[in-house]
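User: Got a model here I'd like to talk through. Can you take my questions one by one?

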Amino acid sequence: MIHRGRDVPRRWRDQGNLPAAILGSDWGRRVVVAAASALALGAVAGSYAYAIEPRRLQVVRYRLGIAGLPHALNGVRIAHLTDFHVGMEGTRRSTLRRAVDRVCREGVDLAALTGDFTHEGVWNPDADLFRPLTKVCPTFAVLGNHDHLANEVATQGIVHRLRDQGVQVLRNQHADVPVRQGTGRILIVAVDDPRLGYDNLGRAMAGTPPTAEQDRPAILLGHVPDIVEQAPPGRFALTLAGHTHGGQLRFSPLKRFTPLEVPMIVGDLDSHYPRGTHVVRGNPLFVNNGLGVSGVPFRFMAPPQVAVFTLVPGVDEEKDIDDPERYFFEEK
Ligand SMILES: [Fe+2]
């Protein structure tokens, strides 16, 4: 029901000219101003989410505490990059190149890439990004669901092109990796994409010890964070994953995924571990925002991200075994 107060000019009321009556009233003007402000705010936020945030590369650094870490591994640095989505509108090639360049300049000992190199499962020459990285450190990769979207021949093409660049692609396999000129060793366990059911952690771990080894910490790589739930308790010093894009388009910093976030991410791609640090049954997990975009060409409150971990001996014994602060110490 339209309120026709005293402030509506009589001639408009009498003529039944409702739009004019609304605009002529105080409350009507307030509604119009509020709507215009909301539209302007939306336009500014949309422009930011399209043109600025996808380019606002964030480098996050953590010291990762590992109980009994041998002296040879103290200070070893591991970089994590994920979700490149080359070929998707809104993925910024310049952001991908800057991310690789930043990691090269960080002086890391090892790099991990956790999938979605392409957007539609077919190799794209713009994903020829990794030669500078593989020249400076051993670089390991697993595939994501988007790398499986076409067919197995196309997926094999992606694997071959990554290997051409020196990337060691592991599909439900593990690798014993020497670091610091072979003075230390790290075990990489890597599963193929869990989202579409290509993962087989049992096969990836076959032949590895069932419990954690202090002289050879193990790192689990998987595209989807929830793979950590399959890990034996306390087996991995670190699990690295992507897939969620940190929410990619968030409307609230408070909730895990807000009701307003795009349905694709709320439903289809949902994860119990949307971003940042977690611990699951004694297995520390980091979920990276990733670098490209998927579904919509926007990022909001989830900037493209590179993560660097420096291994240090010991954990914070005062914190509970499933408290991220027991293992992760953020560097500002
Ligand atoms: Fe992705």
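User: Is Q248 buried or exposed?
Analyst: This is a predicted model. In it, Q248 counts as buried, because it has 30 C-beta neighbours inside 10 Å and the cut-off for buried is 20 or more.

User: Where does Q248 lie?
Analyst: Q248 is in the loop between β9 (238-241) and α8 (263-268).

User: What about the phi of Q248?
Analyst: Phi is near 60° for Q248, so to speak a positive value in a residue other than glycine.

User: And H85, where is that found?
Analyst: H85 sits in the loop between β2 (77-81) and α4 (93-106). Its phi is also positive, near 50°, and H85 is not a glycine. H85 counts as buried, with 26 C-beta neighbours inside 10 Å.

User: Back to β9. Which residues point which way?
Analyst: L238 and L240 point one way, T239 and A241 the other. All four are buried. In a regular strand, side chains alternate between the two faces of the sheet.

User: Which strands pair with β9?
Analyst: Strand β8 (residues 218-221) pairs with β9 in the parallel sense, over three bridges. Strand β11 (residues 283-287) also runs parallel to β9, joined by three bridges.

User: What stands opposite L240?
Analyst: L221 stands opposite L240. F286 in β11 does too.

User: New topic: helix α3. How many of its residues are buried?
Analyst: Two of the 27, so α3 lies largely in the open.

User: How far apart are its end C-alpha atoms?
Analyst: They are 38 Å apart in α3 (residues 26-52). At 1.5 Å a residue, the helix should span 39 Å, which agrees.

Technical notes. Residues are numbered from 1 along each chain as its sequence is written. This is a predicted model: local features need pLDDT of at least 70, side-chain atom pairs count only at pLDDT 80 or more; totals for chains, interfaces and linings use all residues. The expected span of a helix is 1.5 Å times one less than its number of residues. A residue is buried if 20 or more other C-beta atoms lie within 10 Å of its own, exposed if 12 or fewer, and partly exposed in between; C-beta atoms are placed from the backbone. Two strands pair if DSSP finds at least two bridges between them.
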